[in-house]
Amino acid sequence: MKVFITGITGYIGSVIAQHFLSQGYQVSGLVRSQEKAVQLAKMGISPVMGSLSDLSLLEESVKKADGVVHTAISHTSDMEMLDVSSVNTMLGGLEGTGNPFIYTSGTLIYNDTFQDIVDEESDLNPLPFLQWKVDQEQKVLAAALRNIRTIVIRPTLVYGHGGGLVQATIKRAKLFQSAKYINDGQNAWSTIDIDDLAKLYVCAYSKAKPGSLFNATSNELITTKELMRSVGKIAGVEKIESWSYEEAVKEIGPAAWGASINQRVSGLRAEQQLQWRPTANSILKEIEEGSYQTHPK
């Protein structure tokens with residue numbers, strides 16, 4: 001079985017690739033630099049040199065594969081345009097094959113969940129800058145009618161392997177010698193370990209029905225105040241303190257919104273339909289005793 005992965009050198013994509021390799025899949029991946037292509041080849045992955053804007057290359061690559069996992073995101077001003085055009089192209093290349101296509105979304109499109117725990121049936125309430133992500137989800141799910149086994153996965157806060165948002169937060173705490181949460185810090189987030197997330201991708205790729213949608217989360221909820229206490233410990237800073245939303249916006253910009261809201265999310269559907277179970281360390285244990293301790297960045 002040949003799987004083609006976009007974003008294969010990214011935080012999430014690289015771990016997903018390792019899990020597919022461990023299950024005996026032949027893995028190829030989109031990569032932009034020769035240096036990274038060499039690294040992939042050493043790992044037994046076939047590098048495909050190019051980017052999301054190389055539409056003919058994307059179409060050719062998905063036609064050679066038995067399925068596709070799309071994790072790439074450009075983080076540039078044309079992010080939306082690149083995602084729309086690349087997904088359209090990849091779906092076109094897969095049409096009529098019945099092959100799987102996994103699209104990576106996210107739970108921020110729920111907006112603030114407040115004290116509710118949301119699931120895949122819950123209403124979405126995206127801020128205007130995230131509406132395109134909702135549109136992409138709907139397009140991918142609807143493409144199941146084109147004989148493509150489409151799947152959408154929405155990860156919550158991803159942690160593990162000493163990386164991701166947690167790593168960035170530790171770096172910031174070290175830089176400012178303070179770990180800060182917004183207001184009273186009682187807003188809570190659902191979390192998912194990156195290896196558990198990768199296992200979900202492999203499960204969904206092999207088992208999920210066409211047009212499936214899954215939230216990717218463990219049963220853990222962590223308040224931002226609890227998170228910052230652990231970040232402070234590993235960063236070696238004594239000041240664990242509150243700041244206002246306005247202060248946070250001045251310092252960290254749009255990221256303050258995400259840090260101020262609740263993201264309480266259920267992953268029960270994936271557990272029931274795919275017989276998948278998250279089994280990793282809690283985020284606090286992983287920060288204080290796991291990969292963030294043993295591989296400080």
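In this predicted model, strand 5, formed by residues 100–104, is mostly covered, with five of its five residues buried. Burial here means a relative accessible area under 20%. In a regular strand the side chains alternate between the two faces of the sheet. In strand 5 both faces are covered: P100, I102 and T104 are buried on one side, and F101 and Y103 are buried on the other.

Strand 5 pairs with strand 4 and with strand 6. Strands of a sheet pair through backbone hydrogen bonds, in either a parallel or an antiparallel manner. Strand 4, residues 67–70, runs parallel to strand 5 and is joined to it by three bridges. Within this pairing, V68 lies opposite F101 of strand 5. Between the two strands the chain passes through helix 4, residues 79–94, and the resulting β-α-β crossover is right-handed. The pairing of strand 5 with strand 6, residues 149–155, is also in the parallel sense and extends over five bridges. P100 has R149 of strand 6 as its bridge partner. Helix 5, residues 131–142, forms a right-handed β-α-β unit together with strand 5 and strand 6. P100 and F101 are thus both buried residues of strand 5, with P100 bridged to R149 in strand 6 and F101 standing opposite V68.

A further group of strands forms an open sheet of three strands in the order 7-9-11, with mixed pairing. Strand 7 (157–159) and strand 11 (221–223) are the edge strands; each has a single partner strand, so one side of each has no neighbour in the sheet. From one strand to the next, the twist averages 45 degrees. Strand 7 runs parallel to strand 9, residues 188–193, and three bridges join the two. One of the residues in this pairing is Y159, whose bridge partner in strand 9 is D193.

Helix packing was examined for helix 6, residues 164–176, and helix 8, residues 224–235. The two helices pack at an angle of about 65 degrees, and their axes are 9 Å apart. The crossing of helix 6 past helix 8 is right-handed. On the helix 6 side the contact involves T169, I170, A173 and K174, which meet M228, V231, I234 and A235 of helix 8. Classified by residue type, this contact of helix 6 with helix 8 comprises six nonpolar residues, one polar residue and one charged residue.

Terms used. Residues numbered from 1 in each chain as written. Predicted model: local features only at pLDDT ≥ 70, side-chain atom pairs only at ≥ 80, totals over all residues. Heavy atoms only, no water. Buried < 20%, exposed > 50% of the residue type's maximum accessible area, 1.4 Å probe, protein only. Helix = DSSP H or I, 4+ residues; strand = E, 2+ residues; numbered from the N terminus. Pairing = 2+ DSSP bridges. Right-handed = clockwise from strand over helix to strand, strands pointing away. Axes fitted to C-alpha atoms, helices over the stretch in contact; angles between N-to-C directions. Left-handed = near helix turned anticlockwise from the far one by under 90°. Contact = heavy atoms within 4.5 Å. Nonpolar A, V, L, I, M, F, W, Y, C, P; charged D, E, K, R; others polar.
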